[in-house]
Amino acid sequence: MEKKTAAERKNLITRLMEEPSYTPMKEKELACMMQVEPEDRPELKRLLTELLDEGRIQINKRGRYSLPSTPLLTGTFISHQKGFGFVEVEGREEALYVAETRTGGAWHQDQVEIRLLPGRSGQKAEAEVVRILSRGLSVLVGTYQKSRSFGFVIPDNSRIPVDIFVPQERSLGAEDRCKVVVEITDYGSGRRSPEGKVTEILGRMEEPGVDVLSIIRGFGLPEEFPDRVEKQALRCPKEVSEADRAGRLDLRSLPMVTIDGEDAKDLDDAVSLYMKDGKYHLGVHIADVSNYVQENSALDWEALNRGTSVYLTDRVIPMLPTPLSNGICSLNAGEDRLALSCLMTVDERGEVTDYSIAESVIRVDRRMTYTAVAAILEREDQEECARYADFVPMLRQMAQLSALIRARRHQRGAIDFDFPESRILLDTQGHPVEIQSRERNTATRLIEDFMLLANETVAQHFYWMQLPFLYRTHEAPDPDRIHELGVFVHNFGYSMKLGREEVHPKELQKLLERAEDTPEEALISRLTLRSMKQARYTTDCSGHFGLASRFYCHFTSPIRRYPDLQIHRIIKEQLRGRLSEGRQAHYEEILPRVTRQCSLTERRAEEAERETDKRKKAEYMEKHVGEIYDGIICGITGWGLYVELANTVEGLVHVSRLPGDFFTYDEAACELRGVRTGAAYKLGERIRVEVCSADRFAGTIDFTLPWDEGGMKDGEGSKETDCEQ
């Protein structure tokens with residue numbers, strides 16, 4: 001072969017195979033065709049092997065080489081703890097299944113090149129990993145197991161199925177059962193274990209706070225702000241200046257309030273309302289964070305990197321430093337603040353008949369809480385009515401308007417998920433002492449209705465202006481998932497009209513309405529939610545399925561969400577007449593990257609929050625081993641029943657703990673059925689369970705059926721404890 005670089009030689013081989021006259025050849029035939037000298041044959045073999053590894057060529061069972069019969073795709077590998085995985089490819093709705101034997105050594109979150117595999121009609125698409133392009137995880141958190149001259153780190157992430165070998169000199173002196181951060185230095189191959197070095201010792205597993213710190217490190221959540229970001233935040237003004245007020249709509253005389261939770265400190269939305277000519281004049285006023293976080297500043301880059309604030313059980317990891325989030329950007333009562341206001345005129349049908357969007361200066365009159373407002377509106381609480389006497393008439397008008405908006409949204413088919421969420425109360429050491437059910441009330445719904453209306457109004461305005469914008473979209477669910485939901489709810493006696501076309505959100509709305517105030521309401525709500533796709537940020541306004549809305553964006557929370565901050569900049573440039581062709585081109589260039597980053601960080605935050613709750617609930621249930629509860633079967637698999645208790649705790653009854661029979665899993669009917677007795681366990685059934693174990697570190701809870709009660713499923717006579725809400 002001529003003296004060329006390896007890359008040039010590879011291209012020469014692939015160009016030969018691209019020729020129309022080329023037929024698959026063996027290695028010797030290729031050597032003859034390309035006039036390779038005998039002494040260069042090993043080099044040809046090496047190049048062919050590399051091309052195979054890179055997925056640029058393929059070899060058949062007879063040893064003949066050719067170009068791949070199907071094009072290679074690039075995506076993100078999502079591993080499963082059982083060894084197999086999926087690859088998410090941008091532009092494809094469904095992830096591609098990858099069997100354990102075809103992962104090519106890929107780890108969770110690796111960027112990989114894959115080849116589609118031929119499949120039979122009706123089967124889901126499968127693929128094999130051809131090449132690992134880049135590693136997604138370079139740092140892991142796990143438990144250190146110490147031996148005499150070395151150690152292993154067992155990853156917390158169950159998607160990483162291998163332990164990490166750590167030489168003693170790279171252990172930082174970690175002791176047995178310590179939680180550590182380990183950096184991967186070698187990903188291993190074949191029988192050779194991955195290798196790493198300990199970079200941080202978080203503490204012993206049992207020490208307070210180590211569990212949450214492990215989650216923070218494991219998900220790569222940034223805690224401390226860089227010095228330059230902190231310094232920039234401290235340089236921000238502490239109060240609004242006269243220069244800041246110039247040119248803004250002055251709304252300081254307009255009565256307005258904030259309504260938030262008792263412990264909220266970053267207040268980024270205020271509301272006002274008055275009646276005129278029989279119409280409601282609603283104002284939704286959002287903190288103008290973009291006035292203090294300039295594009296491409298250190299604050300801006302850090303906010304984009306974080307993407308969102310993260311709300312863990314025992315702490316908040318904010319998107320912006322405290323001097324901003326709790327200071328000048330927070331709409332604190334009695335203080336002038338800069339805002340973006342969406343001023344809407346709403347008629348008696350709940351329809352927006354007129355609106356304007358303006359830069360404003362506001363002054364909130366009172367800081368109110370959901371609890372206080374609900375007490376006024378739901379119970380006419382005399383003490384609260386007296387405390388907020390000046391605002392009670394406005395609050396009552398707000399409740400009337402909220403009902404109109406909600407009725408209109410309901411009429412078009414919006415899906416309202418109204419199942420209780422849990423709130424985990426901790427002691428001073430971070431140990432869970434109580435799990436409370438946190439339900440929505442009139443006040444939370446009121447604010448939700450007003451924020452949704454403002455988001456829709458802003459999104460519609462900019463859609464029709466045909467300007468670059470950032471939308472919140474929610475695609476219609478996959479028909480297969482909806483069909484599975486239909487099978488599930490049939491076990492409860494519910495039916496759904498499922499045609500060949502996409503399901504309308506109104507059909508899911510009707511299902512939830514029929515289940516309202518029934519024991520299975522929360523379960524059906526969660527199953528319906530799981531059947532739907534995940535909402536995401538996009539530059540195309542394709543609508544929001546769950547809200548049955550043609551136009552939707554996130555405008556109302558710029559302190560804690562970067563997408564809101566991003567669109568505030570666009571809104572302000574448009575209001576000031578500065579959205580030139582050049583600026584529009586700028587936004588068209590950067591917005592796709594912003595949407596990907598924000599969708600990614602949102603998912604990361606949600607997973608970290610779920611993992612924290614899961615571990616705290618498991619720790620709480622460690623104190624209740626041996627106690628008996630009523631629950632509902634919320635999931636069925638071949639290995640057992642998942643049961644949810646009234647306090648939202650979920651655990652597994654392994655199939656081996658089901659009494660007196662051998663059980664088989666009927667996936668179509670979603671039930672476990674006894675082979676000999678015919679006894680069946682179905683989704684949604686009430687069942688009595690006993691807590692047999694809980695593992696706070698793994699976040700798992702195991703139930704069994706109380707043998708002394710015969711594993712009865714009628715739910716009568718269960719033991720009442722302080723765990724039940």
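**Entry 1: the sheet, from its edge inwards**

I began with β13 and β20, which pair in the parallel sense over two bridges, and I noted that the bridge partner of Leu249 in β20 is Ser360. The model I am reading is a predicted one, and I keep that in mind for every entry here.

I then traced the sheet to which these strands belong, and found seven strands in an open arrangement with the order β13-β20-β19-β16-β15-β14-β21 and mixed pairing. Its edge strands are β13 (249–250) and β21 (366–369), each of which pairs on one side only.

**Entry 2: β19 and its two partners**

Next I asked how many of the residues of β19 (residues 336–346) are buried. The count is 10 of the 11, so I describe this strand as largely enclosed by the rest of the structure.

On one pairing I find β16 (residues 279–287), joined to β19 in the antiparallel sense over eight bridges, with Cys342 of β19 as the bridge partner of Val284. The other pairing is with β20 (residues 352–363), again antiparallel, over 11 bridges, and here Val346 has Val352 of β20 as its bridge partner. I looked at the turn of this hairpin too: five residues lie between β19 and β20, and Gly350 takes a positive phi near 80°.

As a reminder to myself when reading side chains off these strands, in a regular strand they alternate between the two faces of the sheet.

**Entry 3: helices lying across the sheet**

Which strands does α11 lie across? I list β14 (256–260), β15 (269–276), β16, β19 and β21, with the helix running at about 90° to β15. For α16 (residues 562–575) I list β16, β19 and β20, and this helix runs at about 100° to β20.

**Entry 4: the nonpolar cores**

I looked up the largest nonpolar core, which has 86 residues, and noted that Leu324, Phe450, Val458, Phe469 and Phe555 are the ones that touch the most other members. The largest share of this core comes from α12, with 10 residues.

I followed one of these residues further: leaving aside neighbours within four places in sequence, Val458 is in contact with Cys342, Ile357, Phe469, Cys553, Phe555 and Ile571. Cys342 is the β19 residue that I had already recorded as the bridge partner of Val284. A second core, separate from this one, has 47 residues, among them Ile482, Leu645, Ile701 and Phe703.

**Entry 5: α9 against α12**

Staying with α12 (residues 442–464), I checked how α9 (residues 370–379) meets this helix, and found that their axes come within 7 Å and cross at roughly 105°. That makes α9 roughly perpendicular to α12.

The contact brings Tyr370, Val373, Ala374, Leu377 and Glu378 of α9 to Thr442, Ala443, Thr444, Leu446 and Ile447 of α12. By character, I divide the residues of this contact into seven nonpolar, two polar and one charged.

**Entry 6: α14 and its contact with α11**

I turned to α14 (residues 505–515), whose buried residues are Pro505, Glu507, Leu508, Gln509, Leu511, Leu512 and Ala515. What covers these buried residues includes α11 (392–412), α13 (479–490) and α15 (521–530).

How do α11 and α14 pack, and what is the angle? I read an angle of about 115°, with the axes 8 Å apart. The residues that meet are His410, Gln411 and Arg412 in α11 and Lys506, Gln509 and Glu513 in α14. I divide this contact into no nonpolar, three polar and three charged residues. Just after α14, I also noted that Asp517 takes a positive phi of about 65°.

**Entry 7: β26 and its neighbours**

Last, I looked up β26 (residues 628–637), where 10 of the 10 residues are buried, so this strand is largely enclosed by the rest of the structure.

I recorded two pairings for β26. With β32 (residues 686–695) the strand pairs in the antiparallel sense over five bridges, and Asp630 stands opposite Arg688 in β32. With β27 (residues 640–645) there are six bridges, and the two strands run antiparallel; Ile633 stands opposite Val643 in β27. The connection from β26 to β27 is a hairpin through two residues.

Terms used:
Residues numbered from 1 in each chain as written. Predicted model: local features only at pLDDT ≥ 70, side-chain atom pairs only at ≥ 80, totals over all residues. Heavy atoms only, no water. Buried < 20%, exposed > 50% of the residue type's maximum accessible area, 1.4 Å probe, protein only. Helix = DSSP H or I, 4+ residues; strand = E, 2+ residues; numbered from the N terminus. Contact = heavy atoms within 4.5 Å. Axes fitted to C-alpha atoms, helices over the stretch in contact; angles between N-to-C directions. Parallel < 35°, antiparallel > 145°, perpendicular 65-115°, else oblique. Nonpolar A, V, L, I, M, F, W, Y, C, P; charged D, E, K, R; others polar. Pairing = 2+ DSSP bridges. Core = buried A, V, L, I, M, F, W, Y, C linked by side-chain atoms within 4.5 Å.
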